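Work through the exercises below with the coordinates open. Try each task before reading its solution.

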Amino acid sequence: MSGRWRPLYGSGGGEDHPNTLMSQNNLAVACWASGQVARALPLYERALAGYVRVLGEGHPTTRIVRDNLSAARAEEP
């Protein structure tokens, strides 16, 4: 993670903490909703990778983030 978002992820529970992962997903949602698909995709990808590590492939939250990533990729220019 680089730029101005790093402080959001560098403190607290760490990069794989569920709250950090949810923040990445929420930021990706905001980017996607504002038309910034290129910014949203790496955030979704990082969140998804973290959720797979922490919660596993079959967890409902992991599936939601995977669905979000798929939907954003479908809108990629």
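**Exercise 1. List the contacts of Asn25, leaving out residues up to four places away in sequence.**

Solution. Contact means heavy atoms within 4.5 Å. With that cut-off, Asn25 touches Tyr44, Ala47, Val65 and Asn68.

Some ground rules apply throughout. This is a predicted model, in which local features need pLDDT of at least 70 and side-chain atom pairs count only at pLDDT 80 or more, while totals for chains, interfaces and linings use all residues. Residues are numbered from 1 along each chain as its sequence is written, and side-chain values use heavy atoms, with hydrogens and water left out.

**Exercise 2. Place Asn25 in the fold, decide whether it is buried or exposed, and find its polar partner.**

Solution.
1. Asn25 sits in helix α2. Helices (H or I, at least four residues) and strands (E, at least two) are DSSP runs, numbered from the N terminus.
2. Buried means under 20% relative accessible area, exposed over 50%, and partly exposed in between (1.4 Å probe, protein chains only). Asn25 has 5%, so it is buried.
3. A polar contact is a pair of N or O atoms within 3.5 Å; within protein, one must be able to donate a hydrogen and the other to accept it, and residues adjacent in sequence count only if both atoms are side-chain atoms. The side chains of Asn25 and Asn68 make such a contact at 3.2 Å.

**Exercise 3. Find how many salt bridges there are.**

Solution. Look for a side-chain nitrogen of Lys or Arg within 4 Å of a carboxyl oxygen of Asp or Glu. The count is three.

1. Arg53 pairs with Asp16, with the closest N and O atoms 2.6 Å apart. This pair links distant parts of the chain, 37 residues apart: Arg53 is in helix α3 (residues 37-55), and Asp16 is in the loop between α1 (6-9) and α2 (18-33).
2. Arg73 pairs with Glu45 at 3.0 Å, N to O. Arg73 belongs to helix α4 (residues 60-74) and Glu45 to helix α3, so the bridge ties together parts 28 residues apart in sequence.
3. Glu57 pairs with Arg66 at 2.7 Å, N to O.

**Exercise 4. Classify the salt-bridge residues by relative accessibility.**

Solution. Take each pair in turn.
- Arg53 reaches 55%, so it is exposed. Asp16 has 31% and is partly exposed.
- Arg73, at 43%, is partly exposed. Glu45, at 35%, is partly exposed.
- Glu57 has 48%, so it counts as partly exposed. Arg66 has 27% and is partly exposed.
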